[in-house]
Amino acid sequence: MSSQRLNAISLSAQRKAIAIVEETKRSELFGKHVFNEDRMTQYLTKDAFQSVKNAIFTGSKIDRKMADQIAESMKAWALSMGATHYTHWFQPLTGATAEKHDAFFDLLPNGRAIEKFGGSQLVQQEPDASSFPSGGIRNTFEARGYTAWDPTSPAFIYGATLCIPTVFVSYTGEALDNKVPLLRALHAVDEAATGVARYFDKTVNKVLATLGWEQEYFLIDKTLANSRPDLVLAGRTLVGQAAAKGQQLDDHYFGVIPLRAINYMKDLEVECTKLGIPVKTRHNEVAPNQFEL
């Protein structure tokens with residue numbers, strides 16, 4: 001075993017668990033950083049709130065006047081939460097999310113500075129689409145991409161940035177992200193399921209699809225991970241002992257969660273709760289250092 005690996009094991013064994021103190025109930029934290037329906041009723045006018053609701057449930061358009069009102073209210077809430085920037089947050093075909101932060105800041109002709117965020121900034125932005133994967137649907141010199149606000153996903157605050165969920169499309173309307181195909185699929189499911197449901201209940205107007213997800217993950221000490229070139233370069237195991245194929249590690253499954261791991265879970269769960277992500281279950285998985293949320 002290399003000296004780097006031995007030093008990594010020694011440092012890992014000496015680390016102490018970081019205590020996570022929860023000062024309030026999870027129910028009070030849920031959605032704290034999300035511009036959800038409760039926040040909208042506080043900050044939006046009745047007409048603006050109804051305009052957003054109609055866009056979510058019927059797909060109707062939001063006119064420019066209403067967009068300006070919504071943007072102003074969203075900015076007021078974001079500033080009250082300590083936000084300084086906003087971003088159109090989208091999922092291009094890179095396998096990761098993308099964001100460009102702009103400040104709630106503008107200069108007046110007299111040189112004074114103000115916080116500014118209008119409907120045009122909320123509804124649409126124009127990132128450089130030539131630098132994102134496009135599947136070869138157009139030439140680089142013709143590349144123009146647009147992010148457009150998706151009101152079906154609520155805006156949220158991460159750090160000091162107001163994140164506005166958006167779709168990403170080309171100038172000619174082709175999907176350049178992972179969200180547009182999902183929204184189209186949800187629309188198709190809605191139409192088909194609503195048609196079937198109306199055979200039994202004529203009052204059904206819309207069917208919403210939901211997903212109960214689970215996330216399995218590995219927790220590896222940073223010094224140990226950095227001593228493995230395969231983890232550093234590829235993010236996965238490429239060398240080492242072959243994994244067990246039978247039930248040899250069943251004693252780890254549903255076992256006592258290590259203190260460092262459970263404190264990590266607490267921290268993750270608190271942040272998820274603030275973003276309106278409901279997390280209820282946690283446990284050890286079968287493999288060493290494997291856990292599930």
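# A tour from the β7–β8 hairpin outward

Start by selecting β7 and β8, which form a hairpin with 2 residues between them. In the turn, G159 has a positive phi of about 70°. Bear in mind while looking that this is a predicted model.

**Around β8**

Keep β7 (residues 156–158) and β8 on display: the two strands pair in the antiparallel sense over 3 bridges. Y158 is the residue that stands opposite T161 in β8.

Next, add β1. β1 pairs with β8 in the parallel sense, over 5 bridges. Here H85 is found opposite T161 of β8.

Then add strand β6 (residues 145–149), which runs antiparallel to β8 and is joined to β8 by 5 bridges. Pick out W149, whose bridge partner in β8 is T166.

Now show the side chains of β8 itself. In a regular strand, side chains alternate between the two faces of the sheet. Are the two faces of β8 covered or uncovered? Both are covered: T161, C163, P165, V167 and V169 lie on one side, L162, I164, T166, F168 and S170 on the other, and all are buried. Put as a count, 10 of the 10 residues of β8 are buried.

**The largest nonpolar core**

From β8, move to the largest nonpolar core, which has 22 residues. Select L44, I70, M74, L122, L162 and I164, the members that touch the most others. Colour α4 (46–58), α5 (64–80) and β8 (161–170) as well, since each of these supplies at least two residues of the core. Which element gives the most? It is α5, with 6 residues.

Centre the view on I70. Leaving aside neighbours within four places in sequence, I70 is in contact with L44, A48, V52, I62, L122 and W149. W149 was met above as the bridge partner of T166.

Another core lies apart from this one and has 9 residues; to find it, select I262, C272, V279 and L293, which are among its members.

**A loop residue: Q91**

Return to β1 and follow the chain into the loop between β1 (85–89) and β2 (101–103), where Q91 is placed. Is Q91 buried or exposed? At 19% relative accessibility, Q91 counts as buried, the cut-off being under 20%. Show what surrounds Q91: not counting residues up to four places away in sequence, Q91 touches A96, T97, T166, D177, N178 and K179. T166 in this list is the β8 residue already seen opposite W149.

**The three-stranded sheet**

Select β9, β10 and β11 next. They make an open sheet of 3 strands in the order β9-β11-β10, with antiparallel pairing. Why does one side of β9 and of β10 lack a neighbour in the sheet? β9 (216–218) and β10 (283–284) stand at the edges, each with a single partner strand, so one side of each is left free of a neighbour there. Between β9 and β11 (residues 290–292), the antiparallel pairing runs over 3 bridges, and E216 stands opposite E292 in β11.

**A patch on the surface**

Finish with a surface view, selecting L249, Y253, F254 and V286. These form a nonpolar patch with about 360 Å² of accessible area together. L249 is in the loop between α9 (229–234) and α10 (259–274). With 32% relative accessibility, L249 counts as partly exposed.

How values were computed: Residues are numbered from 1 along each chain as its sequence is written. This is a predicted model: local features need pLDDT of at least 70, side-chain atom pairs count only at pLDDT 80 or more; totals for chains, interfaces and linings use all residues. Side-chain values use heavy atoms; hydrogens and water are left out. A nonpolar core is a set of buried Ala, Val, Leu, Ile, Met, Phe, Trp, Tyr and Cys residues joined through side-chain atoms within 4.5 Å. Buried means under 20% relative accessible area, exposed over 50%, partly exposed in between (1.4 Å probe, protein chains only). Helices (H or I, at least four residues) and strands (E, at least two) are DSSP runs, numbered from the N terminus. Contact means heavy atoms within 4.5 Å. Two strands pair if DSSP finds at least two bridges between them. Patches are made of residues with over 30% relative accessible area and no salt bridge: like charges are joined within 9 Å, nonpolar side chains (Val, Leu, Ile, Met, Phe, Trp, Tyr) within 5 Å. Accessible areas come from the Shrake-Rupley method with a 1.4 Å probe; for residues, only the protein chains shown count as cover. A salt bridge is a side-chain nitrogen of Lys or Arg within 4 Å of a carboxyl oxygen of Asp or Glu.
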